[in-house]
Amino acid sequence: MDKKAQFYKTYGNIPLGLRDQIVVIVGNNEPLSWSAAKVEIDNDTDKVKEILEKLSQLGLLKED
């Protein structure tokens, strides 16, 4: 399963109340919540690779 698919699987299991919590810092110290990360991934921005790599390193992506 690729990292985008892993992200969407993980995101789908996160309670709505937690989706606005900061989950990763990217670029020039820019904090992103789960919801903001999803917007970046949905729009396939330049930050996607960094976001997915950091979430993977943190062990936050489901690999099932």
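Contact here means heavy atoms within 4.5 Å. The close-ups below all come from a predicted model.

**View 1. Gln 6 and its contacts from elsewhere in the sequence.** Gln 6 sits in helix H1, which runs over residues 3-12. Set aside the neighbours within four places in sequence, and Gln 6 is left touching Met 1, Leu 61, Lys 62 and Glu 63. Its relative accessibility comes out at 8%, so Gln 6 counts as buried, the cut-off for that being under 20%.

**View 2. Tyr 11, another buried residue of H1.** Here we're looking at Tyr 11, again in helix H1. Tyr 11 has a relative accessibility of 10%, and therefore goes down as buried too. Once neighbours within four places in sequence are ignored, the contacts of Tyr 11 are Arg 19, Trp 34, Ser 35 and Lys 38.

**View 3. Tyr 11 and Ala 37, C-alpha to C-alpha.** This pair is 26 residues apart along the chain. In space, 9.7 Å separates the C-alpha atom of Tyr 11 from that of Ala 37.

**View 4. The buried side of H1.** Gln 6 and Tyr 11 from the earlier views turn up again here, along with Phe 7 and Thr 10: these four are buried in H1. Around the helix axis they cover an arc of only 130°, so they end up on the same side of H1.

**View 5. What the buried residues of H1 pack against.** Two helices meet them: H2, covering 34-42, and H3, covering 48-57. Trp 34, Ser 35 and Lys 38, seen in View 2, are among the contacts of Tyr 11.

Notes: Residues numbered from 1 in each chain as written. Predicted model: local features only at pLDDT ≥ 70, side-chain atom pairs only at ≥ 80, totals over all residues. Heavy atoms only, no water. Buried < 20%, exposed > 50% of the residue type's maximum accessible area, 1.4 Å probe, protein only. Arc of directions from axis to C-beta.
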